Amino acid sequence: MMAGSRALARFVIVGIVCIGAYFFLPAPAQNLAFVASNLVAAGMILSGVRSRRLQPRGAWLLLAGSPTAATLGNAAYFVNDSLLHVAPFPSVGDAAFLGGYLLLAAGLVRLQHSRATHRDRPALLDAAIITIGFAIASWVVLMAPLLHTLDIPLLTRLTALAYPAADVLVVAVAARLLLSGRRHSPALGWLAGTVVVMIVGDTTFAVLNLLGLYHTGHPVDALILAYYLGWGAVVLHPRVGDLGTATIDSDRTAGTHWPRLVALGVSCLVAPIALVTQVSSGQLRDLVVLRAAAVVVVLLVVVRMAGLVAQLETTLAQRHALQDELAYRATHDALTGLVNRREFTEQLERALRDHPGGGITVLFLDLDHFKAVNDSLGHGAGDTLLTVVADRLRDELRTDDTVARLGGDEFAVLLADPSLGSEHLVVVTERLATSVRRPIHLHGIAVQVGVSIGHATAGPDHPLERLLQAADHAMYAAKTTSVDQARRAAPRPA
């Protein structure tokens, strides 16, 4: 286990033990334990900025400011509750707590900007859907009851409303951070867990406080303490440096992993469930808000689906283009663009099968003096010569005929129309030879090469291999007898 991993493991173990010990402390000491947890969190982050040079520095300083502000808030709570014995809510400490939320949100935004390589629209839409779902739940459970409870002083109500509103803000920026990018570092998982623990702890605390069930030392305090100590775990993680590093292209395909789908599904169901619940209970005071939220969520989902459809269409088009490209490369010569030996053989086989009576003609062509061009002018000039020859052969043939490069300086032609007579074959052969003989300018030099041509015509039910062999022998016979000649081989019956 690496040193960083051992330090992380030790910190987590010590943190769990300290949280357990918290519940055995008297109430005043428990209040001080919150102050201590805040100081540990702020100190760990600042230590990481100094010793591990965490980047971006501004983001981590803002994140350190959040537990620092909470330290002031908990200190004020301790003084009011344990020393002055006055109601600790609302007080100046609440301003510090709420300021800590703003610093946390700002730090997460700064961290997200350092990781972004482009505008990730799918992540932005998904974050908006999740945020609205959480906001609806927070409105129904916390905000609306506080807003409609007129017997509570206005300042108390506004202060209480500010906490769930701050949670919504944190959810918005955290969701945007966590949903962006495909390369999710393990450290990002620890950061996500820390923020989730905070949201769950704060929401549970708010509900208990609203019902009058919270007291110092309640089990929910374990979540709040775990949140602050969680920052130490994040900073100690061996991969914490990844949090400030730009992610690999986020997929413009935006991931569809199951946690993301679950979060989106639950968020989309919050508004309909809340509407059904209020209608069934006869409490219709929040219908306007819920309807508006439901409409916004539906519109966001429609836009998100439109993006997925467009992305799918693009992906399919790219896949088809890739398949076409692979199919083309499998059947064509990369240099000249002519069909290759394999495709030529398959076309010849189909032609023989379609015309069992014979009459199919194959021509083999071999360039003369090509090696001299390669040796004197280089392989680049040789490749240019082959490309020019391929274009000339293609221009001299009909669209129904096939010309192929078999390899090196060898070419082949398939005349698949059995109705063409020997006179046409002579004309084609002379035309091809004349075209190849025309000078080709390479590196400012007029180069001329000849061509040896051998041809064979299939008889009834003639085997493919025998026809190819006959044309090949005829071509080599023409080259051996006299360079730049054509020769016909009469294939023997099968």
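User: Which residues does Leu104 touch, and what makes them count as contacts?

Analyst: In this predicted model, and leaving out residues up to four places away in sequence, Leu104 touches Leu63, Ser66, Val170, Met198, Tyr227 and Trp231. They count as contacts because a contact requires heavy atoms within 4.5 Å.

User: Which members of the largest nonpolar core touch the most other members?

Analyst: Of the 52 residues in that core, Trp60, Leu104, Leu108, Leu191, Trp231 and Leu243 touch the most other members. Helix H6, residues 154-179, gives the most to this core, with nine residues. Apart from it lies another core, of 28 residues, among them Leu385, Val403, Ile440 and Val451. As a general matter, nonpolar side chains tend to be buried together in soluble globular proteins.

User: Why is Phe364 called buried?

Analyst: The relative accessible area of Phe364 is 7%, and the cut-off for buried is under 20%, so Phe364 counts as buried. Phe364 is found in strand E1, residues 361-368, and stands opposite Gly454 in E6. Not counting residues up to four places away in sequence, Phe364 touches ten residues' worth of surroundings that include Leu406, Phe411, Ala412, Gly454, Leu468, Ala471 and Met475.

User: How do you know that strand E1 is mostly covered, and which residues lie on each side of E1?

Analyst: Eight of the eight residues of E1 are buried. Thr361, Leu363, Leu365 and Leu367 lie on one side, with Val362, Phe364, Asp366 and Asp368 on the other, and all of them are buried.

User: What makes E1 a paired strand, and which strands does E1 pair with?

Analyst: The requirement for pairing is at least two bridges between two strands. E1 and E3 pair in the antiparallel sense over six bridges, while E1 and strand E6, residues 450-457, pair in the antiparallel sense over eight bridges, so both pairings satisfy the requirement. Along the pairing with E3, Thr361 stands opposite Leu415, and Val362 stands opposite Leu414.

User: Why is strand E3 described as largely enclosed?

Analyst: Six of the six residues of E3, residues 410-415, are buried, so the strand is largely enclosed by the rest of the structure. Glu410, Ala412 and Leu414 point one way from E3, and Phe411, Val413 and Leu415 point the other way, all of them buried. E3 also pairs with strand E2, residues 402-407, in the antiparallel sense over five bridges, with Val403 standing opposite Val413 in E3. E2 and E3 form a hairpin with two residues between them, and Gly408 in the turn has a positive phi of about 60°.

User: How do you know that the end-to-end distance of helix H15 agrees with its number of residues?

Analyst: At 1.5 Å a residue, the 18 residues of H15, residues 464-481, should span 26 Å, and the end C-alpha atoms are 26 Å apart, so the two values agree.

User: Which residues of H15 are buried, and why are they said to line one face?

Analyst: The buried residues of H15 are Leu464, Leu467, Leu468, Ala470, Ala471, Ala474, Met475 and Ala478. Seen down the axis of H15, these buried residues fall within an arc of 160°, so they line one face of the helix. On the other side of H15, Glu465, Thr480 and Thr481 are exposed.

User: How many aromatic pairs are there, and what makes Tyr22 and Phe34 one of them?

Analyst: The count comes to six aromatic pairs. The rings of Tyr22 and Phe34 are 5.6 Å centre to centre with 85° between the planes; the cut-offs are centres within 6.5 Å for a pair and planes over 60 degrees apart for edge-to-face, so both are met. The pair links distant parts of the chain, with Tyr22 in helix H1, residues 3-22, and Phe34 in helix H2, residues 27-51, twelve residues apart. Both Tyr22 and Phe34 are buried.

User: Why is the pair of Phe205 and Tyr214 called edge-to-face?

Analyst: The ring centres of Phe205 and Tyr214 are 4.6 Å apart and the planes stand at 80°, so the pair is edge-to-face. Phe205 counts as partly exposed at 29% relative accessibility, whereas Tyr214, at 19%, counts as buried.

Conventions. Residues numbered from 1 in each chain as written. Predicted model: local features only at pLDDT ≥ 70, side-chain atom pairs only at ≥ 80, totals over all residues. Heavy atoms only, no water. Helix = DSSP H or I, 4+ residues; strand = E, 2+ residues; numbered from the N terminus. Expected span 1.5 Å × (residues − 1). Buried < 20%, exposed > 50% of the residue type's maximum accessible area, 1.4 Å probe, protein only. Arc of directions from axis to C-beta. Core = buried A, V, L, I, M, F, W, Y, C linked by side-chain atoms within 4.5 Å. Phe/Tyr/Trp six-rings, centres within 6.5 Å; stacked < 30°, edge-to-face > 60°.
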